[in-house]
Amino acid sequence: MSVVLQLSPGWLLDHLSFINKINYELHQPYYSKNEPISSVHLDSLRMDSVSSLGTSATFSASTTKPVDDDGGNFEMFIQRYVFRSELFDVTKPYITSAIHKECEQSNEKEDLVNDVKKEISISVTGKKRKRCVVFNQGELDAMEYHTKIRGLILDGSSQLIQEGFKSGFLHPLSEKQDKCSEPIKLPLDTCSLSELCEMAKHLPSLNELELQTLQLTEDDISVTEQDLFSRVVENNSSFTKMMTLMGQKYLLPPKSSFLLSDISCMQPLLNCRKTYDVIVIDPPWQNKSVKRSNRYSYLSPLQIKQIPIPKLAAPNCLVVTWVTNRQKHLRFVKEELYPSWSVEIVAEWHWVKITSSGEFVFPLDSPHKKPYEGLILGRVREKGALLLRNADVKELRIPDHKLIVSVPCTLHSHKPPLAAGGGSVLPQD
């Protein structure tokens, strides 16, 4: 189950279980006239699938053997893919509390919110000198916010973690694991979807055409690569489809769809004329880490406001936006973004990242990186709906100040599931 347990503070989730409950199963027919299929072919399929999806997936294969009217062998290869469990094998904090405390032992602590200056004692050749550090307004705002939610994070997480130990989902770190565990080395053949999306927006011939939705059926085995750009692709079949893009293979789950495009080219999605009851947004927020690493492009506040949420949202649509801990971004969502979309804030939740041994991945009071991220939940309201609501329309209440506690994936920016899959943290209308 995705939801391991639910208590009043929130939920303890199993992200890996949620992914593997999706039916990532490929069905590939093979016909041979009076000749059994060779084991070599099956082995090559295994080799090809493991190498092409080696970043995140492993698989097993089986066959069925119906015989056709001509006496030939018609076999069906069934390949089942699962997410690599080692990508969730986070047994120790990224920065341990011991290291964090050691860095603070020489510091003379003062109240970080009420006083702008902090005295830091530094040992230099046996002598001590004092240096004043002035915090900017953004840092002061972050300290004040952390002080306000610290008790909620600590107390709620502790309750869920304790029950996680009792259920057996979490387990203490053994001495052997502590000594032998090494950082996970990710494969080099990482996903290139961001580059593909960048490429899609530079295809003027596709942007000018109103391309119809590409609907994949049970019989579709392969898809031309050019057909996947800047158009909505739907897998209406009951099985997973494998697609090749720029030499890399991707799995599209059954009964799902996607738009491979840049945020500035969302017209194909609008052309479908569909609206949605729940919209989850994880914007590429600007921060110093992104600028330094150049890992991906970020969006400006103006660009984020231009996402056509009002045209995509059904009445009373629930909008969920992931926000970094930077207070500038948090205020932007609450004071500018949601009002521009006619979204009324109904709740603020936090995702708390822990290890499989129940520790925060970063020290809770670290001045740099926190072990939590925020989600702002809101409802789309039509003009005048805040004053005149239809009493006949039943709307599920969204509880405020809830925690989602889980072991994070080591792949960058993989958020935990919010939808169904053995349990859901979002209400089902």
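Mentor: Buried means under 20% relative accessible area. Keep in mind that this is a predicted model.

Trainee: What share of the residues in the protein is buried?
Mentor: The protein has 429 residues. Each residue under 20% relative accessible area counts as buried. The buried share comes to 40%.

Trainee: How many helices and strands does the protein have?
Mentor: The secondary structure holds both kinds of element. The count is twelve helices and 17 strands.

Trainee: Among contacts between residues at least 6 apart in sequence, what share joins residues at least 24 apart?
Mentor: Here a contact means heavy atoms within 4.5 Å. Pairs of residues at least 6 apart in sequence are the base. Those at least 24 apart make up 68%.

Trainee: What part of the accessible surface belongs to carbon and sulfur atoms?
Mentor: The accessible surface of the protein is about 24700 Å². Carbon and sulfur atoms account for 53%.

Trainee: In what order do the strands of the seven-stranded open sheet run?
Mentor: Strands of a sheet pair through backbone hydrogen bonds, either parallel or antiparallel. In this open sheet the pairing is mixed. The order is β1-β2-β17-β15-β16-β14-β13.

Trainee: Which strands stand at the edges of that sheet?
Mentor: An edge strand here has a single partner strand, so one side is left without a neighbour in the sheet. From one strand to the next, the twist averages 20°. The edge strands are β1 (3–7) and β13.

Trainee: How many bridges join β15 to β16?
Mentor: β15 and β16 run antiparallel. On β15, E344 stands opposite R379 in β16. The bridges between β15 and β16 number nine.

Trainee: At what angle does α4 run to β1?
Mentor: Helix α4 covers residues 137–167. α4 lies across β1, β2 (10–13), β15, β16 and β17. Its angle to β1 is about 120°.

Trainee: Which helix lies across β14, β15 and β16, running at about 165° to β14?
Mentor: β14 spans residues 313–323. The helix in question spans residues 327–340. That helix is α12.

Trainee: How many salt bridges does a search of the whole structure find?
Mentor: The cut-off is a side-chain nitrogen of Lys or Arg within 4 Å of a carboxyl oxygen of Asp or Glu. Some of the bridges are linked: D282, K353, E373 and K415 are in a network. The search of the whole structure finds eleven.

Trainee: How far apart along helix α4 are K166 and E163?
Mentor: The side chains of K166 and E163 meet in a salt bridge, 3.4 Å from N to O. K166 is exposed, at 67% relative accessible area, while E163 is partly exposed at 29%. K166 and E163 are three residues apart in α4, so about one helical turn separates them.

Trainee: Which parts does the salt bridge of E344 and R381 tie together?
Mentor: The closest N and O atoms of E344 and R381 are 2.7 Å apart. The pair ties together parts that are 37 residues apart in sequence. Those parts are strand β15 (residues 343–353), with E344, and the loop between β16 and β17, with R381.

Trainee: Is R381 buried or exposed?
Mentor: Its partner E344 is partly exposed, with a relative accessible area of 25%. R381 has 7% relative accessibility. Because the cut-off is under 20%, R381 counts as buried.

Trainee: What is the N to O distance between E86 and R84?
Mentor: E86 is partly exposed at 36% relative accessible area. R84 is buried at 16%. Their side chains meet in a salt bridge at 3.7 Å.

Trainee: How far apart are the C-alpha atoms of E75 and Q28?
Mentor: E75 belongs to strand β5 (residues 73–83). E75 is buried, at 4% relative accessible area. E75 and Q28 are 47 residues apart along the chain, yet their C-alpha atoms are separated by 8.4 Å.

Trainee: Where is R273 found?
Mentor: R273 is not a glycine, although its phi is positive, about 55°. R273 is exposed at 69% relative accessibility. R273 sits in the loop between α8 (267–271) and β13 (276–281).

Trainee: What is the phi of H401?
Mentor: H401 lies in the loop between β16 (372–380) and β17 (403–406). H401 is partly exposed, at 45% relative accessibility. H401 is not a glycine, but its phi is positive, at about 55°.

Key
Residues numbered from 1 in each chain as written. Predicted model: local features only at pLDDT ≥ 70, side-chain atom pairs only at ≥ 80, totals over all residues. Heavy atoms only, no water. Helix = DSSP H or I, 4+ residues; strand = E, 2+ residues; numbered from the N terminus. Buried < 20%, exposed > 50% of the residue type's maximum accessible area, 1.4 Å probe, protein only. Areas by Shrake-Rupley, 256 points an atom, 1.4 Å probe, with all protein chains shown as cover. Pairing = 2+ DSSP bridges. Axes fitted to C-alpha atoms, helices over the stretch in contact; angles between N-to-C directions.
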